[in-house]
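Reader: I am new to this structure and should be grateful for a close look at a single part of it. Please choose that part and then set it in its surroundings.

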Amino acid sequence: MYIVVVGGGKVGYYLAKSLLAEGHEVLVVEKDPQKCATLADELVGGVLEGDGCEAATMAEAGMGRAQVVVAVTGDDEDNLVVCQVAKRKFNVPRTIARINNPRNQRIFRQLGIDVTISSTELIISQIEQVIPAESLLHLLTLRGAGVSFVELEIAPDSPALGRPLRELGIPDDCILSLVIRPGQKAIIPYGDTVLQVGDQVIAVSSEASEATLRRILRG
Amino acid sequence: MRVVILGCGRTGAQLAKALAGEGHQVAVIDRRSAAFKRLGPDFAGQMVLGTGIDEDILRRAGIEQADAFVAVTNGDNTNVMAAQVAKEIFGVRRVICRIYDPLREEIYRTLGLDTICPTLWGATRIREMLDRGCEGGA
């Protein structure tokens with residue numbers, strides 16, 4: 001597969017090396033001549049010096065035959081433009097943008113970028129896995145559907161204790177699918193189920209209702 | 001009308017002063033506070049410090065009530081992103097975006113942004129002046 005990587009920083013460099021090792025044809029586009037010189041030593045023939053946001057550079061990079069474009073510069077707006085121009089002007093089927101400011105993730109999605117990767121968010125989610133009691137743990141996010149599978153442990157001060165689920169005001173676009181109670185078989189919860197301290201709750205929730213769900217179960 | 005201008009450079013400041021002078025409600029955003037000096041001491045509009053692709057900053061500048069948004073920072077891609085945020089996310093009806101790179105300008109114009117390319121405009125005007133000069137002087 002022919003893959004164009006725009007941005008020859010650390011992310012671009014290691015990404016290109018991994019993709020090459022997997023047998024892909026890879027070209028890294030980088031505007032800083034010094035970085036290019038360093039990259040050229042390692043990625044023989046796979047480096048193009050130029051501004052990856054310029055349509056002329058893209059044409060030179062053979063963007064028209066690329067199956068995937070990955071924009072991993074340190075500037076979100078540059079990554080956005082690279083992906084949009086690649087998609088609209090060169091008809092690249094798959095565009096992937098790195099996002100530096102996690103708040104831009106939603107904006108990018110609304111502006112039609114196929115896949116976004118936020119290293120900040122990845123690190124945050126890793127930290128959340130280490131301290132899951134702090135918030136909802138994201139098990140899986142289906143970006144296109146706007147739905148996440150989340151996990152949460154019921155704490156001793158949870159406002160959800162002692163009342164059946166149907167009375168908790170759980171939003172319609174949220175479903176508690178599984179309750180794992182220590183020392184018991186997993187429970188498929190229904191309206192009469194009452195949560196206990198230490199229960200692991202796995203829920204399917206729309207992104208919009210996650211905050212409400214967290215408030216209901218954690219306070 | 002309410003206008004939010006992103007970028008308080010020469011163009012942004014000039015436009016902001018003119019609009020505010022005519023009694024329009026103007027908010028100017030720039031990430032450097034020194035840039036606001038260009039507006040002079042009598043500027044009646046709002047000055048907002050921050051980056052214009054941040055939704056909070058745009059809200060603080062009143063984008064939700066704005067009739068128009070103008071992106072004139074010195075970065076083409078910043079303008080392109082901010083203009084799309086204003087148009088697609090905040091639904092601002094009139095959005096104008098400056099893009100220096102003629103190729104990128106063409107792409108985003110065909111994608112439906114109202115764009116202005118000073119490079120192309122300037123080169124074309126100069127060319128016209130030269131042609132006229134040659135006719136006259138030949």
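Author: The account below takes up one helix and what lies around it, and then turns to the rest of the two chains.

This is a predicted model, in which local features need pLDDT of at least 70 and side-chain atom pairs count only at pLDDT 80 or more, while totals for chains, interfaces and linings use all residues. Residues are numbered from 1 along each chain as its sequence is written, and chains are lettered from A and ligands numbered from 1 in the order in which they are written.

The part chosen is helix α4 of chain A, residues 76–88. Helices (H or I, at least four residues) and strands (E, at least two) are DSSP runs, numbered from the N terminus. The expected span of a helix is 1.5 Å times one less than its number of residues. For the 13 residues of α4(A) this gives 18 Å, and the end C-alpha atoms are indeed 18 Å apart, so the two values agree.

Is this helix mostly covered or mostly open? It is mostly covered, since eleven of the 13 residues of α4(A) are buried. Here a residue is buried if 20 or more other C-beta atoms, placed from the backbone, lie within 10 Å of its own, exposed if 12 or fewer do, and partly exposed in between. The buried residues of α4(A) include D76(A), E77(A) and D78(A) as well as L80(A), V81(A), V82(A) and Q84(A).

The helix also takes part in the meeting of the chains. That contact takes 14 residues from chain A and 15 residues from chain B, two residues being in contact if their C-beta atoms, placed from the backbone, lie within 7 Å. On the side of chain A that touches chain B, α3 (55–60), α4 (76–88) and α5 (104–110) of chain A each supply at least two residues. Of these, α4(A) gives the most, with six residues. By class, this side of chain A has eight nonpolar, one polar and five charged residues. In that count Ala, Val, Leu, Ile, Met, Phe, Trp, Tyr, Cys and Pro are nonpolar, Asp, Glu, Lys and Arg are charged, and the others, Gly among them, are polar.

One residue links the helix with the other chain. L111(A) is placed in the loop between α5 and β6 (115–118) of chain A. Leaving aside residues up to four places away in sequence, L111(A) touches L80(A), Q84(B) and E88(B). The C-alpha atoms of L111(A) and Q84(A) are separated by 8.6 Å, although the two residues are 27 residues apart along the chain. L111(A) has 19 other C-beta atoms within 10 Å and is therefore partly exposed.

On the other side of the contact is chain B, which has five helices and six strands. From the N terminus on, its elements run β-α-β-β-α-β-α-β-α-β-α. The six strands form an open sheet in the order β3-β2-β1-β4-β5-β6 of chain B, with parallel pairing; two strands pair if DSSP finds at least two bridges between them. At the edges stand β3 (46–49) and β6 (114–116) of chain B, each with a single partner strand, so one side of each has no neighbour in the sheet. Within this sheet, β1(B) and β2(B) pair over five bridges, with V4(B) opposite A27(B). A27(B) also stands opposite Q46(B) in β3(B). Helix α3 (76–89) of chain B lies across β1, β4 and β5 of chain B and runs at about 175° to β5(B). Axes are lines fitted to C-alpha atoms, for helices over the stretch in contact, and angles run from 0 to 180 degrees between N-to-C directions.

Chain A continues beyond the region of the helix. Its domain assignment, which comes from an automatic or database source, gives domain 1 (2–118) and domain 2 (128–218). The C-alpha centres of these two domains of chain A lie 38 Å apart. A further open sheet of chain A has four strands in the order β7-β8-β10-β9, with antiparallel pairing. Its edges are β7 and β9 (174–180) of chain A, and each has a single partner strand, so one side of each is left without a neighbour. In this sheet, β7(A) and β8(A) form a hairpin with four residues between them, and G146(A) in the turn has a positive phi of about 70°.
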